[in-house]
Each structure stands twice: as C-alpha cells, then as structure tokens.
Amino acid sequence: MQSSELLAEKLVKKAVLLADGAMGTSLFELGLKSGDAPETWNTLQSSKIRMHYQSFIELGCDIILTNSFGGNSLRLHLHGLSDRAFELSRISAEIGRDLIDKNNNEVVLAGSVGPTGELIKPIGKLSYKNAVEVFHEQIEGLRAGGVDVIWAETLSDPAEYTAVSEAASLANVQWFGTMSFDTKGNTMMGFTPSNLVSLIEDLPLKPIAVGANCGVGPADLVRTILDMKDASLPLIAKANAGIPEFIDGEIFYNGVPSLMAEYALLAKRAGAKIIGGCCGTSVAHIKAINTALLTSTDDSPPSLQEIEAKLGRFSGNPGTRVRRKRNRRNR
Ligand SMILES: [Zn+2]
C-alpha cells in the first residue's frame, strides 16, 4: 500500500491512532551520554536505533518517529556536525523504512523535525528565509530516506511553524505539526492554543493534524487539546510522562503508566485523534495507553475539574499574560 494511502486509511478507519513514546529517554537508557547528539547514533549505533523503532512497532503503534529531532544543521552545528544534516536525517529514516518494509508492518514512518534552537527575526537573528532553508534541507534528507510524512514538534514560535510548513511544501510532503505549550498554558513566545488553531488556516501548506507535545505535564496538555476543539484538523496529544522534576541535576518524570493511561482516555475525550507520549514516556507507558484506548467507549469531553482530579493541578491559565520574573519578585 502507498504510504500516503496507509495514513489516510488509518485516519478514516481508526477512532484513535497510537503514536510512539520518547526517543531521548529511550536512547539515554541504551547508553547515550548527555551532551552527545542523538542523531550520531544513526550511524554509530544503528542497531540500537533499530531496536528502539522495533519496540514501538511491536506494541502496535500506528506511527513511529525517526531519530532526527535535532537533525537540522543549526542544532548539529553545536556538535560540529552542521554539514551532516541531510545525511543523518536520511539514515534515521532508512533504518525505519527497512524495518517496516521487511516485516510488512502497517506503520506510518514520520520524520521528526524539532526546532532550530535559534530565534527568528525580529526577536532573534535567524532570517525567516534561512529557517525555511534549514528545515527544507532536513526534510529532503528524511524524504530521501523514505519517510511517509514529516512530524514537526516542540515548536514555540508561529514564524518557525510557518517555516516548517513552507519547507514541507517545497519538498512536496505532508506534515504534522505540534507546539509545546510549556509556559502557563502558552508557548514560551506567549502563543496560545487557539492562536495555533487560527494560524493553520493561513499556512503555505496546512498540516494533516495539529496539536501539542511536551510542555509541563499531562493535565496541561489535555486542557490544551480542549482549547483546540475548534480546529478544522485532527488533533495530536503527546504529553510528557508526568511533571518534569530536577533531582541532583538530572531530569525525572513522575508519571507512572497508569497515570498515562488516564491521560490518554482524557485526551481522547477532549478530541485527540492521535495520542502518544513525549519526554519520559517508555514502552511501558505506551503499552498502558494502548490498553486503555482499546477498551474506551466514553467520548464525553472532560471538565477542567475532572482533568485536575485525575492528572494533577494545572500550571497556570492559557491566554493570560505571562508575568515576568521581575514582577513576581515585587509582589
Ligand atoms: Zn518532550
């Protein structure tokens, strides 16, 4: 079956599509050192990347992401690897393509695209044109390696979201796009979930689905999905496994698999069509999510009280102005 047909068929036939869990968390468990570029493992440790993909395919994911989140030239520049963006992205896709095709798996291979790490003008120094070029190079690499679709995530700036859309249009490939609403319900640029719903109507190429990933915790993420209910496209929910906590300089996620199962049920009731996990989400979490979704029949949108009761308190209110630290100290 043609890959675009497979995705279209899944979107029509299935009530919810299961996406995968965290890449970084999984690679750290397999021995990646913090500070190393995960994308170098596409060549240095390709059997472990294959193992990671395999683990999520085996438990029934409809969509898996490539190991290319930081694979654009600006992010790789931090590791002295800026000239390898196309190659490392291509290989991240080739490993997945080979695995899926050999086993005849009905799995959509999505090419992960993360932020460049640079802010676009006028806030930062990166020109919009350059941002498009950087994303386009990576997306062409992912295409050459055989992805079915592009999956951009953890974006916070509407200009960056638009640049990905333009790059996907140049590469003639469909894409998904999620933002991270990690600052009291808004992105760090102050962009709200409903701002994103409006933005998609004016893009060079609309995504197939829109939504939220990462952020603070599952409660905030489900509320974000509720706030996007007017979107004309399917919604994506990819929450972290609980709230991130710093312990002895390391980051931990406090969510157990049963909490992520609750999150998935609430995300579905809030209107999410594609559900997976972000940072801290292991195979055990996605397994619990899958089991919960297979037996869920309730489709009534949850109240904010129910979300807080089941998943914990919200971190703040979206749409309200984010207070500056200075103001907070003066209170
Ligand atoms: Zn994350």
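Here are three short exercises on helix packing and backbone geometry, each with a worked solution.

The model is predicted, so local features need pLDDT of at least 70 and side-chain atom pairs count only at pLDDT 80 or more, while totals for chains, interfaces and linings use all residues. Numbering starts from 1 along each chain, following the sequence as written.

**Exercise 1.** Work out how many residues of helix H10 are buried, and which elements cover them.

*Solution.*
- Step 1: get the terms straight. Helices (H or I, at least four residues) and strands (E, at least two) are DSSP runs, numbered from the N terminus. Buried means 20 or more other C-beta atoms within 10 Å of a residue's own, exposed means 12 or fewer, and partly exposed is in between, with C-beta atoms placed from the backbone.
- Step 2: count. H10 spans residues 218-227, and 10 of its 10 residues are buried. Among them are the charged-looking names to check on screen: Asp220, Arg223 and Asp227.
- Step 3: look around. The cover includes helices H9 (193-199), H11 (257-270) and H13 (304-311), plus strands S6 (209-214), S7 (235-239) and S10 (272-277).

**Exercise 2.** Describe how H10 packs on H13.

*Solution.*
- Step 1: two packed helices are described by the angle between their axes and the distance between the axes.
- Step 2: the axes of H10 and H13 come within 9 Å and cross at roughly 155°. Here axes are lines fitted to C-alpha atoms, for helices over the stretch in contact, and angles run from 0 to 180 degrees between N-to-C directions.
- Step 3: that angle makes H10 roughly antiparallel to H13 (under 35 degrees is roughly parallel, over 145 roughly antiparallel, 65 to 115 roughly perpendicular, the rest oblique).
- Step 4: list the contacts (C-beta atoms, placed from the backbone, within 7 Å). Pro218, Ala219, Val222 and Arg223 of H10 meet Leu304, Ile307, Glu308 and Leu311 of H13.
- Step 5: sort by class. The H10 contact with H13 has 6 nonpolar, no polar and 2 charged residues (nonpolar: Ala, Val, Leu, Ile, Met, Phe, Trp, Tyr, Cys and Pro; charged: Asp, Glu, Lys and Arg; polar: the others, Gly among them).

**Exercise 3.** Find what is unusual in the backbone at Thr154, Cys214 and Pro122.

*Solution.*
- Step 1: most residues other than glycine have a negative phi, and most peptide bonds are trans.
- Step 2: Thr154, in strand S4 (residues 149-155), has a positive phi of about 60°. Thr154 is buried, with 21 other C-beta atoms within 10 Å.
- Step 3: Cys214 sits in strand S6 with a positive phi near 60°, and counts as buried with 22 C-beta neighbours inside 10 Å.
- Step 4: Lys121 and Pro122 are joined by a cis peptide bond, omega about 5°. Pro122 lies in the loop between strand S3 (108-113) and helix H7 (128-144).

Note on methods:
Two residues are in contact if their C-beta atoms, placed from the backbone, lie within 7 Å.
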